[in-house]
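Student: I have a protein model here and some labels I do not understand. Can we go through them together?
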Amino acid sequence: MKVDVLLGLQWGDEGKGKIVDVLTPRYDVVARFQGGPNAGHTLEFEGQKYILRSIPSGIFQGDKVNIIGNGVVLDPALFRAEAVVLAASGHDLTRRLHISKKAHLILPTHRVLDAAYEAAKGDAKVGTTGKGIGPAYTDKISRNGVRVGDILHNFEQVYRLAKGKHEQILKSMHYQYDITELEKEWLEGIEYLKQFTFVDSEFEVNSLLKEGKTILCEGAQGTMLDIDFGSYPFVTSSNTVCAGACTGLGIAPHKIGEVFGIFKAYCTRVGSGPFPTELFDETGDKMCTIGHEFGSVTGRKRRCGWIDLVALKYSVMINGVTKLIMMKSDVLDTFDTIKACVAYEIDGEEVTDFPYDITGDVEPVYAELPGWQTDMTSMQSENEFPEEFNAYLAFLEEQLEVPIQIVSVGPDRAQTIERYTEE
Ligand code: GDP
Ligand code: IMO
Ligand code: MG
């Protein structure tokens, strides 16, 4: 049996949570493989709205097992806050949520370090979510991390050692902080975590595959935020690309099946960093207002712009995307013209391969298509799609050379249209 991977192709917030929830009935297991509470995955169904940060988005559909893999960084305090809300709404997780012993913990001092490093960067700050993601992954790579498995052995000693190192760094930076409250909540979170099943998720995942079970891996962030291939240094600290599912869960590359690449019909970015198609006019404001483009974790306004096919083609290539999923089509329902960036003009030259550096003077070259000017939010089938919308889909498929399998026309689970369905 194969493992399918669903991941973001832009700068995050493409709608991964919604589609993982929609696809979950087709799988036995849903697993997160990277990132942490910097993610905010929104699900809407039956008039309810949930935002998940560390818990996989397969948690609401039936009795499916959900796994937090070794590639994830977990903050026990934020995990507890998230799990308590789900438990209160009748979703018992303790039996169905398995956590890798090899996942690294985000310590309270990681959050302080995140803030201190950002402050030290001044105007060049990354605009992180402030959740301690960078410092936690830094400790993992420099072999100073604390893992979930440590909770069961020698925890106090390992924690004290790591915290001590952070305190020294913060002292050397003359950074003022008080973690009393944060640490109290964090230690309560550690106690709370103990009721969950800690697993060797690499063995669990591979045994499930041997039994013929199917797994959907849920990416966090997006390809343009990948530590290697994103708009460095304005990126997150993990590999958000497909290969991350292999290292973040212990899955061999040849076991990867479908790669679902998800993108918005336009483009957004939150935090600092280059964004060639960003709009600073009323068209951008209109996208932001209609699309409710405010961060689900930080509440920050998301920057908006037209779809960027130079960046998207790059993401499709890096991930080996086999099926595309287009989100938030309805947000463009009232636009009379739709633009799509097909090249960048840099120093008077047209570039179609995503360049090493996009921080300089990058001028988008646009193709223009007529808008469909039709309310698509209650459409149920592709047969109802307006002609201009079909033309936009055909244009994108031709450019990206991958079929668009699913189109989303609203935030609700039910507002999802599958194309090319077999009779
Ligand atoms: P994720 O991080 O990739 O899971 O995406 P987020 O949840 O951060 O952001 C996506 C936002 O768009 C959420 O508020 C969703 O409820 C909403 N959303 C998802 N799909 C659609 C859609 O097709 N149309 C509209 N209007 N909103 C959508
Ligand atoms: P989901 O999974 C959008 C951005 C931050 C910042 C950069 C680094 O909901 O799509 P970090 O806290 O990771 O060190 O921040 O990455 N970022 C996201 N942007 N969606 C996300 O997750 C993000 N997670 C991190 O805004 O620019
Ligand atoms: Mg999000």
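Tutor: Start with a term: buried means under 20% relative accessible area, exposed over 50%, and partly exposed in between, with a 1.4 Å probe and protein chains only. This is a predicted model: local features need pLDDT of at least 70, side-chain atom pairs count only at 80 or more, and totals for chains, interfaces and linings use all residues. Residues are numbered from 1 along each chain, and side-chain values use heavy atoms, without hydrogens and water.

Student: Why is G40 called buried?
Tutor: Its relative accessible area is 10%, so G40 counts as buried.

Student: What makes G40 a donor of the magnesium ion (ligand 3)?
Tutor: Donors are N, O and S atoms within 2.8 Å of the metal (3.2 Å for Na, K and Ca); water is not among the atoms, so sites may look incomplete. The protein donors are D13 (OD) and G40 (O), at 2.0 to 2.2 Å. D13 is in the loop between β1 and α1, and G40 in the loop between β2 and β3, so the pair ties together parts 27 residues apart in sequence.

Student: Why does S201 count as buried?
Tutor: S201 has 0% relative accessibility, so S201 is buried.

Student: How do you know that the side chains of S201 and S100 make a polar contact?
Tutor: A polar contact is a pair of N or O atoms within 3.5 Å; within protein, one must be able to donate a hydrogen and the other to accept it, and residues adjacent in sequence count only if both atoms are side-chain atoms. The S201 and S100 side chains make theirs at 3.4 Å.

Student: What makes β7 and β9 a pair?
Tutor: Two strands pair if DSSP finds at least two bridges between them. Three bridges join β7 to β9, and they run parallel. S100 stands opposite V199 in β9.

Terms used: Chains lettered and ligands numbered in written order. Helix = DSSP H or I, 4+ residues; strand = E, 2+ residues; numbered from the N terminus.
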